[in-house]
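User: Could you teach me how to read a few features of a protein model? I'd like to begin with its strands.

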Amino acid sequence: MTTMPGRPAFPDEPFPTDRLRPTSRPAPAHFSPAISVRDLRKSYGRTEVLRGVTFDVTPSEVLCVLGPSGSGKSTMLKCLNLLEKPTAGSIVVGDVTLTDPDVDIDAARTRIGMVFQHFNLFGHLTALDNVTLALRHVKRIPKAEAEQIGRAQLERLGLGQLAGHRPANLSGGQQQRVAIARSLAMRPEVMLFDEATSALDPELVKEVLAVMRELAGSGMTMVVVTHEIGFAREAADRVIFMDEGLIAEDGEARALLDDPPSARFREFLAQVL
């Protein structure tokens, strides 16, 4: 492939959606919750962004969180790994109470992968180095072993040939896949996605959603803040609709999306569909 001088080379290969394995994700089991949130509140000064949010996520469940801008959905998600400190309430992930004042936050965060709207990759590092950085410096895994794990995750996401590329030489969709590989390399128990496709050009959204569908099909527990209603209908077990800092609707994904129970939810869907 030839490129114009001074322009980054974006490799042509998209995420190979045709070789994804069929989804065989089991239905959520009746185990202890993977995530348990009780009366979660968050205020900034006198502004109460979260006004008492309560929900559970069972192991292997995919929960999509919908809502208008300002509804508190991204703040809620960031509270789940203490990027935002709750004002009140409790958050339990597995057997760790994140809101316990004595919790080891760094250790707890290794159990929770998070993918942001923006990729947050280090521009001076290669894709492989971005993926292995936390493995080496947080988990203290030797470099050779970390690189073996990192290459396996890049291969899984169709990026094996791009391990030596820096972010400037990758498309937006490829950068987001590197960010997902970075989270998966830590072997998290749950994955959080905060509008993971909203910063991408429309033609690149499909490849990132394909990765997220593959993760859902593999049994990963996921909480996904998104406006991608098609993804929520296809891949989610449950949908939560947040409005004004509260959960206004909570139910089985297709049933809730195909037959919205409230006028407010119908109005929201009409705006995003």
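User: How are the four strands of the open sheet ordered?

Analyst: Strands of a sheet pair through backbone hydrogen bonds, either parallel or antiparallel. In this predicted model, the open sheet has the order 2-1-4-5 with antiparallel pairing. Strands are DSSP runs of E, at least two residues, and helices are runs of H or I, at least four, numbered from the N terminus; two strands pair if DSSP finds at least two bridges between them. Residue numbers start from 1 along each chain as its sequence is written, local features need pLDDT of at least 70, side-chain atom pairs count only at pLDDT 80 or more, while totals for chains, interfaces and linings use all residues. Side-chain values use heavy atoms, without hydrogens and water.

User: Which strands are at the edges?

Analyst: Strand 2 (47–57) and strand 5 (96–97), each pairing on one side only. Strand 5 is joined to strand 4 (residues 88–93) by two bridges, and V93 stands opposite V96.

User: Which residues touch the most other members of the largest nonpolar core?

Analyst: In soluble globular proteins, nonpolar side chains tend to be buried together. A nonpolar core is a set of buried Ala, Val, Leu, Ile, Met, Phe, Trp, Tyr and Cys residues joined through side-chain atoms within 4.5 Å, where buried means under 20% relative accessible area (1.4 Å probe, protein chains only). Here the largest core has 54 residues, and I180, F193, M212, M222, V239 and F265 touch the most other members. Helix 6 (residues 202–218) gives this core its largest share, eight residues. Another core, of 29 residues, lies apart from it and includes V65, L80, I91 and V225.

How values were computed:
Buried means under 20% relative accessible area, exposed over 50%, partly exposed in between (1.4 Å probe, protein chains only).
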